[in-house]
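Here are my notes on the model you sent, set out as numbered points so that each can be followed beside the sequence and the coordinates. Please keep the structure open while you read.

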Amino acid sequence: MSEYVRCFSNPETIRASCRNYRAAASVTCGMMKKIWTRRFAVLVLWGAKGFVHRTYDVLEIWRQYADQVEGKALDCGHFLPEEKPEDVVSALAGFWKLRGGTARLSRHFPNHRVGRSNKKAGLRRLFCCC
């Protein structure tokens with residue numbers, strides 16, 4: 001978390017982050033309505049101590065875009081992979097396993113090894129890419 005504090009102490013970082021959130025809110029929602037016409041499963045995770053949990057019915061919002069939506073709030077704030085990496089890994093593995101996928105994160109995240117110091121690296125890539 002100290003790296004987030006360091007980066008977000010710079011006003012330019014905050015400005016860029018806010019621009020990114022604004023763009024994502026408008027562009028992503030519009031794109032999702034156009035392209036998400038197929039039935040598929042979505043796993044949604046969010047922090048129970050964050051703004052999203054206090055403000056939205058998260059699962060209901062995602063049900064506008066996908067037919068099979070499941071998820072839950074984790075006991076953390078905004079940075080799920082950093083604050084609750086084991087919970088994120090468990091949720092992802094269970095989600096994939098129930099759908100006939102692999103529960104082995106090493107297949108999806110070659111650098112990910114639960115219980116080792118680099119366990120958060122693969123999760124950060126996942127959250128940045130999805």
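1. Which side chains meet in a salt bridge at 3.7 Å, N to O? They are the side chains of Arg63 and Glu60. Please bear in mind throughout that this is a predicted model. Arg63 is partly exposed, having a relative accessible area of 42%, and Glu60 is likewise partly exposed, with a value of 42%.

2. On the overall plan, the chain has 8 helices and 2 strands, and when it is read along the sequence these elements follow the pattern α-α-β-α-α-β-α-α-α-α. Of the 130 residues in the chain, 27% are buried. Among the contacts with a separation of 6 or more, 60% are accounted for by residues that stand 24 or more positions apart.

3. On the strands, S1 covers residues 41–47 and S2 covers residues 68–74, and the two pair in the parallel sense over 7 bridges. One of the residues to look for is Gly47, whose bridge partner in S2 is Leu74. Strand S1 is mostly covered, since 5 of its 7 residues are buried. As background for viewing such elements, side chains in a regular strand alternate between the two faces of the sheet.

4. Lys72 deserves a separate look, being a residue of strand S2 that is partly exposed at a relative accessible area of 46%. Once its neighbours within four places in sequence are left aside, Lys72 is in contact with Val44, Leu45 and Trp46. Lys72 and Val44 are 28 residues apart in sequence, yet their C-alpha atoms are 6.7 Å apart in space.

5. On the nonpolar cores, the largest consists of 9 residues, namely Leu45, Leu74, Cys76, Leu80, Val88, Ala91, Leu92, Phe95 and Trp96. Helix H6 gives the most to this core, contributing 5 residues. Leu45, with its neighbours within four places in sequence left aside, is in contact with Lys72, Leu80, Val88 and Ala91. There is also a second, separate core of 7 residues, which includes Val44, Trp46, Leu59 and Ala66.

6. Helix H6 itself, residues 85–98, allows a simple check of its length. Its 14 residues, at 1.5 Å a residue, should span 20 Å, and because its end C-alpha atoms are 20 Å apart, the expected and computed spans agree. The buried residues in H6 are Pro85, Val88, Val89, Ala91, Leu92, Ala93, Phe95 and Trp96. After H6 comes Gly100, whose phi is positive, near 80 degrees.

7. On charged pairs, it helps to recall that side chains of opposite charge can pair when their charged atoms come close. The structure holds 4 salt bridges, and besides the pair in the opening point, two others are described here. In one of them, the side chains of Glu3 and Arg6 meet at 2.6 Å, N to O. Both residues lie in helix H1, residues 2–8, where they are 3 residues apart, about one turn of the helix. Arg6 counts as exposed because its relative accessible area is 53%, over the 50% cut-off, whereas Glu3, at 43%, is partly exposed.

8. A further salt bridge joins Asp75 and Lys49, whose closest N and O atoms are 3.6 Å apart. This pair links distant parts of the chain, with Asp75 in the loop between S2 and helix H5 (80–83) and Lys49 in the loop between S1 and helix H3 (51–55), the two residues being 26 residues apart. Are these residues exposed or partly exposed? Asp75 counts as partly exposed, at 48% relative accessibility, while Lys49 is exposed, with a relative accessible area of 55%.

9. On aromatic rings, a pair is described by the distance of the centres and the angle of the planes. The structure holds 2 aromatic pairs. One of them is formed by Phe51 and Tyr56, and it is edge-to-face, with 6.1 Å from centre to centre and 80 degrees between the planes. Tyr56 is partly exposed, with a relative accessible area of 44%.

Technical notes. Residues numbered from 1 in each chain as written. Predicted model: local features only at pLDDT ≥ 70, side-chain atom pairs only at ≥ 80, totals over all residues. Heavy atoms only, no water. Buried < 20%, exposed > 50% of the residue type's maximum accessible area, 1.4 Å probe, protein only. Helix = DSSP H or I, 4+ residues; strand = E, 2+ residues; numbered from the N terminus. Pairing = 2+ DSSP bridges. Expected span 1.5 Å × (residues − 1). Core = buried A, V, L, I, M, F, W, Y, C linked by side-chain atoms within 4.5 Å. Contact = heavy atoms within 4.5 Å. Phe/Tyr/Trp six-rings, centres within 6.5 Å; stacked < 30°, edge-to-face > 60°.
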